[in-house]
Amino acid sequence: MNVSSLQKARYQYQPKLPGMLRNGISEICVKNGAPTQSVDDQEKIKALFPNTYGKNEITFQKGSNTSEAKKQVVGVILSGGQAPGGHNVICGLYDALKATDKDNVLYGFKGGPSGLLEDSYIIFDDEYINQYRNTGGFDIIGSGRTKLETEEQFAVVADVCKKHGITAIVIIGGDDSNTNAAVLAEYFAAHNSGVQVIGCPKTIDGDLKNEDIECSFGFDTATKTYSEIVGNIERDANSAKKYWHFVKVMGRSASHVALETALQTQPNICLIGEEVAAKKMSLAQITDYIADSVAARAESAGNFGVAIIPEGIVEFVPEFSVLIAEINELLAGKKADAFNELPSWNEKYAFIKAGLTAESMAVFEILPQAIQQQLFLDRDPHGNVQVSLIESEKLFSEMVKENLAARKAAGTYKGKFSPIHHFLGYEGRCAFPSNFDADYCYSLGYNAFMLIQYGFNGYLSKVSNLSKPAEEWVAGGMPITKMMNIERRHGHDKPVIRKALVELDGKPFKFFEANREKWAVKTCYVYPGAIQYFGPSEVCDTTTKTLALEKA
Ligand code: FBP
């Protein structure tokens, strides 16, 4: 492998473990906490998880290791979108496993959950794993979005485990993958298979968090990467003073990434999807809000600015989600073929007009034509509009442009509006993990092995007290069922881990809300610069503003 000098230097970085895991494997013992209950729908979740429900929360502490001495053969998978630090979870898991017994084995199933179903794997050794220490990406074994959720799939996994003598599986994934980890754990327990399942909380979106999980890994590095770029864009804007930059940032179902990036960079505008939904804001209202900032800045600061738009914004706009539902219905099944066969956009437009309600047509009509056409182009495997592919940064800049033209005609705006568009997503998902993510992920993996060693099943590797130095972090485990409730998904009641949306009464949003009026008009930009890996701890080791505010 050709490696950069930064990568060489990062190989030497020794991730920091929580104090209680630092004394060597023989000095780690379990401290039992209280029995747990699911966050909601307790009776239903208990009935669905008779073997794994209600177990105790646990933490590790310094003391004599009393775990059973048995050979461990562990399988690990990466599931879903990439997040910086995934390699370190596997490195931590591997190091703890080998430090416990050199004969223990770690299988890496390739390409996500499908690797487990297809029995496609590698067996890790020192030489292989050392190439991936403290590096970004998921290329160590690859990832995938196959869902592991049916009894048939579980039976295949059980056969694969039996074939290799696997004693435990570690699933590194987001809310859906960890929900499935809990169901798989219950399946193994119900079938007395002797295989344990442990989850690790991953996603750059930051929406896998709750009173137990302070943050998912990858969020720190990804938001630092986006903040560096937004800060650079702000400085360019403030230097040239001639462009308005519309920056869409990833985060499909929640606006944590947008909010954190705004807290770090103080842009003029940042939309928060959860607020848009709570206030039932229309496209026209959002447009007006942005145009007000553009007009006010034209009078004082100049014809430049920066607006952050969360990727999933349009789904939060009530009138837009109704429109999307109607379009999905309009093109359901064979109707999509009839639509696609229409030769011109005019004919397609007439088809759309005849199929939509008057309210949705009114929304459709105000969209720029490029966005109108996008709504009918890329569809997911179920035939639905792929909302995340809609270029919402262009949608809003176009609508602001029209709004400003009307203001100009009315004589209330005299500025010049030149928008530039950016989409920040993939740039952050495989960055070299920050020291925080390198430490956190290594600890999650190391800790996951200790949970295996002590016989836990259906637990999430939990490392908390994260706003403090790593020495003070608390390592332990939480039954995944504790985080579950029943939700309606695809027409069925399902036990799931609740997705964490931005809380409008939470401290991060409150801080943003208290400052945004000023940021909208004045130039208050902050330029965070690139992630630093070497140097003073206050520059290299601090985590997100979101976490700092939440824990303040
Ligand atoms: P996960 O929830 O699996 O971690 O992925 C989140 C995410 O990064 C979103 O922010 C983004 O919308 C999506 O993945 C993109 O997915 P893909 O890699 O399939 O294009």
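## A walk through the model

Start by selecting Asp 119: buried, with a relative accessible area of 18%, which falls under the 20% cut-off. Keep in mind as you go that this is a predicted model. Asp 119 sits in the loop that links α4 (113-117) to β5 (121-123). Now show side chains around that loop. What does Asp 119 touch, leaving aside residues up to four places away in sequence? You should find Phe 109, Val 160, Lys 163 and His 164. Pick out His 164 from that set: its side chain and the side chain of Asp 119 make a polar contact at 2.8 Å.

Next, zoom out and colour by domain. The assignment splits the protein chain into domain 1 (67-218 + 433-469), domain 2 (222-311 + 392-428 + 501-552) and domain 3 (313-390). Put domains 2 and 3 on screen together: their C-alpha centres are 28 Å apart, and 24 residues of domain 2 are in contact with 15 residues of domain 3.

Now bring up the ligand. Where does the ligand lie? Between domain 1 (67-218 + 433-469) and domain 2 (222-311 + 392-428 + 501-552), because both give residues to the shell around it. Select that shell and you have 13 residues, of which Gly 81, Thr 203, Asp 205, Tyr 426 and Arg 429 come nearest. Colour the shell by class and you get six charged, four polar and three nonpolar residues.

While you're here, try a few distances from ligand oxygen atoms:

- Tyr 426: an N or O atom of its side chain is 2.6 Å from an oxygen atom of the ligand.
- Glu 311: here a polar side-chain atom lies 3.0 Å from a ligand oxygen.
- Lys 202: the distance from a side-chain N or O atom to an oxygen of the ligand is 3.1 Å.

As for cover, the ligand has 490 Å² of accessible area on its own, and the protein covers 80% of that.

Last stop: select residues 256-265, which make up helix α9. Are its residues buried or exposed? Ten of the ten are buried, so the helix is largely enclosed by the rest of the structure. Among them are His 256, Glu 260, Gln 264 and Thr 265, along with Leu 259 and Leu 263. To see what α9 packs against, show α8 (219-240), α21 (507-521) and α23 (545-551), then add the strands β9 (244-249), β10 (269-270) and β11 (305-310). Finally, step off the end of α9 to Gln 266, the residue that follows, and check its backbone: phi is positive there, near 50°.

Terms used. Residues numbered from 1 in each chain as written. Predicted model: local features only at pLDDT ≥ 70, side-chain atom pairs only at ≥ 80, totals over all residues. Heavy atoms only, no water. Near = heavy atom within 4 Å. Polar contact = N/O pair within 3.5 Å; in protein donor to acceptor, adjacent residues only side chain to side chain. Areas by Shrake-Rupley, 256 points an atom, 1.4 Å probe, with all protein chains shown as cover. Nonpolar A, V, L, I, M, F, W, Y, C, P; charged D, E, K, R; others polar. Domains from an automatic or database assignment. Helix = DSSP H or I, 4+ residues; strand = E, 2+ residues; numbered from the N terminus. Buried < 20%, exposed > 50% of the residue type's maximum accessible area, 1.4 Å probe, protein only. Contact = heavy atoms within 4.5 Å.
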